[in-house]
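This briefing is meant for a reader who is meeting the structure for the first time. Please look over the sequence and the model below before reading on.

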Amino acid sequence: MDTTMHDPAHLGEVLREYLPEGMSVKEAAARLGVTRQALSAILNGRAGISADMALRLAEALGTSAEMWISMQGAYDLWTARNRPRPKVRRIAA
């Protein structure tokens, strides 16, 4: 178990905080140049944020792409560390 981070929020939850209150998913998707389905998948925790989406979010929200990629990487690592994995043996000494 990873003890450095406890059950981090999915990036969709974080992204929701950045979107203006009352803005529809359809409008936000149009402004980002993606489909409503693609943005909805992120907002509802069914998809992660790609490098391309990180660049779009940075431009649209005045953030950095590195911030989004860093948060996505941390979330992915936490998720991987907290699910069963097969035994791995060293390849090189």
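Leaving aside its neighbours within four places in sequence, which residues is serine 40 in contact with? Serine 40 is in contact with Val25 and Arg46 once those neighbours are set aside. The model is a predicted one, and the points below move from the chain as a whole to its helices and then to single residues.

**The chain as a whole**

- The chain has five helices and zero strands, and along the sequence these elements follow the pattern α-α-α-α-α. Its radius of gyration is 16 Å, well over the 12 Å that the globule rule gives for 93 residues, so the chain is more spread out than a compact globule.
- Taken along the principal axes, the box filled by the C-alpha atoms of the chain is roughly 50 × 25 × 25 Å.
- Of the 93 residues, 28% count as buried, while the accessible surface of the chain comes to about 6,700 Å², with 54% of that surface belonging to carbon and sulfur atoms.
- Among the contacts in the chain with a separation of 6 or more, 53% are made by residues 24 or more positions apart.
- The chain carries 12 positive and 10 negative charges, and the mean positions of these two groups are 12 Å apart.

**Helix H2**

- In H2, which spans residues 25-32, the residues Ala28, Ala29 and Leu32 are buried. These buried residues cover an arc of only 100° around the axis, which puts them on the same side of H2.
- The face of H2 that is turned away from the buried side carries Lys26, Ala30 and Arg31, which are exposed.
- The cover over the buried residues of H2 includes H3 and H4, and the helix is followed by glycine 33, whose phi is positive, near 75°.

**Helix H3 and serine 40**

- H3, which covers residues 36-43, has Leu39, Ser40, Ala41, Ile42 and Leu43 as its buried residues, and these pack against H1, H2 and H4.
- Just after H3 comes glycine 45, which takes a positive phi of about 75°.
- Serine 40, found in this helix, has a relative accessible area of 14%, and because buried means under 20%, serine 40 counts as buried.
- Serine 40 and valine 25 are 15 residues apart in sequence, and their C-alpha atoms are 6.7 Å apart in space; valine 25 is also one of the residues that serine 40 is in contact with.

**Helix H4**

- In H4, made up of residues 51-61, the buried residues are Met53, Ala54, Leu57 and Ala58. Seen down the axis of H4, these residues fall within an arc of 140°, so they line one face of the helix.
- An α-helix has 3.6 residues a turn, so residues three or four places apart point the same way.
- Leu55 and Glu59 are exposed on the other side of H4.
- The buried residues of H4 pack against helix H1 (11-18), helix H2 (25-32), helix H3 (36-43) and helix H5 (65-81).
- Glycine 62, just after H4, takes a positive phi of about 70°.

**Two residues of helix H5**

- Glutamine 72 lies in H5 and is buried, with a relative accessible area of 7%. With its neighbours within four places in sequence left aside, glutamine 72 is in contact with Leu11, Gly48 and Ile49.
- Methionine 71 also has its place in helix H5, but with a relative accessibility of 27% this residue counts as partly exposed.
- Leaving aside neighbours within four places in sequence, methionine 71 is in contact with Leu11 and Val14.
- Methionine 71 and aspartate 52 are 19 residues apart in sequence, and from C-alpha to C-alpha they are 15 Å apart in space.

**The loop between H1 and H2**

- Methionine 23 is found in the loop between H1 and H2, where, apart from its neighbours within four places in sequence, it is in contact with Ala28 and Arg31. Of these two residues of H2, Ala28 is buried, whereas Arg31 is exposed.
- The C-alpha atoms of methionine 23 and alanine 9 are separated by 21 Å, and the two residues are 14 residues apart along the chain.

Methods. Residues numbered from 1 in each chain as written. Predicted model: local features only at pLDDT ≥ 70, side-chain atom pairs only at ≥ 80, totals over all residues. Heavy atoms only, no water. Helix = DSSP H or I, 4+ residues; strand = E, 2+ residues; numbered from the N terminus. Rg over C-alpha atoms; globule rule 2.2 N^0.38 Å. Buried < 20%, exposed > 50% of the residue type's maximum accessible area, 1.4 Å probe, protein only. Contact = heavy atoms within 4.5 Å. Areas by Shrake-Rupley, 256 points an atom, 1.4 Å probe, with all protein chains shown as cover. Lys, Arg positive; Asp, Glu negative; His and termini not counted. Charge placed at Lys NZ, Arg CZ, Asp CG, Glu CD. Arc of directions from axis to C-beta.
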